[in-house]
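Student: I would like to take a close look at a single part of this protein and understand how it sits among its neighbours. Could you walk me through one strand, step by step?

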Amino acid sequence: MRDFAQRALDIQPTGVRKMFDMAGDDVISFGLGEPDFQPPEVAIEAFAQAMRDGHNKYTTTAGLPALRKKIAESWDALEPGMDERNVCMTMSGTNALLNVFSSLVDPGKNVLLPEPYFPLYGPDVGLVGGESRYYPCLFEHEFVPQIADLEALVDENTVAILYNFPSNPTGATINIEQRDALLAFAQKHDLWIISDEVYDRIVFDGEHVSFVGTDSARVVLINSFSKTFAMTGWRIGYIMSANLEAMKQFTKIQYYITACSNDAMQHAVLTAFDEASDYPSIMAEEFKARCDLIVDRLNEMPGVQCHKPKGAFYVFPKVEVPGMNSEEIALELLKGGVLCSPGSAFGASGEGHLRFAYTISRKDIERGMEKTAATLKALRGD
Ligand SMILES: Cc1ncc(COP(=O)(O)O)c(C=O)c1O
């Protein structure tokens with residue numbers, strides 16, 4: 001029998017799933033990175049209606065012009081003048097990422113990626129033959145990258161830097177000054193900026209700070225409706241750039257990945273834009289209340305320090321139990337009835353942390369925090 005391709009052999013299963021596979025049904029799960037909401041009812045209706053109306057065919061590769069135009073216009077305040085040519089629909093943010101890395105990274109070139117990270121970035125860069133270089137996003141800097149760390153990694157083979165704000169797994173966001181410093185770094189080294197902003201509509205206390213509108217020539221936006229409209233299972237997202245030359249490449253590559261996105265679903269998302277535009281803010285309000293709750297509870301526990309994030313639906317506290325690493329702590333918490341992810345699943349800089357996704361009710365958060373406190377107390381002997 002023939003052997004497998006090296007790129008398949010090289011890629012490792014994600015550490016995030018490991019805890020899930022061990023969890024029983026009765027655990028309180030802070031594991032899942034998806035909203036516990038359903039998509040807006042009008043979108044579900046529109047999806048069904050679109051199928052009945054015969055929208056069950058291929059669309060153009062880039063997707064329905066009306067939806068692409070609507071998406072482009074939704075960014076008008078930051079980058080005026082874009083239209084359907086600036087958007088390519090994909091089957092999720094995951095699909096968008098692979099497309100963009102395929103389009104921008106040659107074998108032998110490298111990409112700067114955040115660490116702790118969304119676990120797909122590095123393997124994706126590896127699949128297209130590129131090298132991943134991880135820049136640290138540390139607790140002491142509120143998980144915001146430091147320019148000196150970026151400067152230490154960049155060289156003549158660096159083609160792109162990926163930024164992810166609000167961040168998975170840390171929930172970190174940036175202010176305008178920080179954004180501008182990160183932008184200036186990329187400009188200085190003539191890098192593509194791949195900005196993964198899939199949590200752009202889940203922000204608390206203020207406006208989302210985007211890279212859109214900062215440098216039309218080099219900014220590529222990755223976005224998705226998974227979090228915006230709680231459609232994780234639908235698999236729909238998009239790539240957007242003011243750079244039309246780049247959009248031509250992404251659209252060409254998209255043809256060879258999925259030919260196009262899902263016809264009926266695109267009609268449903270168009271309806272969600274028109275009729276459920278406040279849905280993300282309703283979710284964000286609930287996530288903010290949960291965030292306040294979980295951060296307060298965590299900070300009451302000895303050995304735990306937690307920043308209060310301003311976006312997404314994760315907290316990434318520092319958790320200290322002498323003699324134990326994050327995976328061992330997470331395993332003990334699991335035995336005590338709480339599922340969370342060890343920080344090390346998001347790269348070496350995540351060691352010493354745990355990730356809690358607050359995608360469960362406030363009541364379950366309370367119960368989960370009680371159990372977390374009890375387990376940590378027993379482990380630490382406080
Ligand atoms: C930072 C980040 N980017 C991209 C994605 C991909 O989202 P999807 O493929 O569901 O659109 C996720 C999903 O959790 C994420 O957290």
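Tutor: In this predicted model, look at strand S6, where Trp 192, Ile 194 and Asp 196 point one way while Ile 193 and Ser 195 point the other way, and all of them are buried. The strand runs over residues 192-196, and 5 of its 5 residues are buried, a burial that counts 20 or more other C-beta atoms within 10 Å of a residue's own. For the protein chain as a whole, 49% of the 382 residues count as buried.

Now consider what lies beside S6. Strand S5, which covers residues 158-164, pairs with S6 in the parallel sense over 5 bridges, and within this pairing Trp 192 of S6 is the bridge partner of Ala 160. To get from S5 to S6 the chain passes through helix H8, residues 176-188, and this β-α-β crossover is right-handed. S6 also pairs with strand S7, residues 219-224, again in the parallel sense, here over 4 bridges, and Ser 195 has Leu 221 in S7 as its bridge partner. As a general point, strands of a sheet pair through backbone hydrogen bonds, and they do this either parallel or antiparallel.

Stepping back from S6, you can place it in an open sheet of 7 strands, whose order is S2-S8-S7-S6-S5-S3-S4 and whose pairing is mixed. The edges are held by strand S2 (87-90) and strand S4 (131-136), each of which has a single partner strand, so one side of each is left without a neighbour in the sheet. From one strand to the next, the twist averages 20 degrees.

Beyond S5 in that order comes strand S3, residues 110-115, which runs parallel to S5 and is joined to it by 3 bridges; here Asn 110 stands opposite Thr 158 in S5. Helix H4, made of residues 65-74, packs on the sheet and touches S2 and strand S8 (237-240), its direction making about 115 degrees with that of S2.

Finally, set this sheet within the whole protein chain, which has 14 helices and 14 strands and whose C-alpha trace spans about 60 × 55 × 50 Å along its principal axes. Its radius of gyration is 21 Å, which agrees with the value near 21 Å that a compact globule of 382 residues would have. Among contacts between residues at least 6 apart in sequence, 75% join residues at least 24 apart.

Methods
Residues are numbered from 1 along each chain as its sequence is written. This is a predicted model: local features need pLDDT of at least 70, side-chain atom pairs count only at pLDDT 80 or more; totals for chains, interfaces and linings use all residues. Helices (H or I, at least four residues) and strands (E, at least two) are DSSP runs, numbered from the N terminus. The radius of gyration is taken over C-alpha atoms; the globule rule is 2.2 Å times the number of residues to the power 0.38. A residue is buried if 20 or more other C-beta atoms lie within 10 Å of its own, exposed if 12 or fewer, and partly exposed in between; C-beta atoms are placed from the backbone. Two residues are in contact if their C-beta atoms, placed from the backbone, lie within 7 Å. Two strands pair if DSSP finds at least two bridges between them. A crossover is right-handed if, with the strands pointing away from the viewer, the path from the first strand over the helix to the second runs clockwise. Axes are lines fitted to C-alpha atoms, for helices over the stretch in contact, and angles run from 0 to 180 degrees between N-to-C directions.
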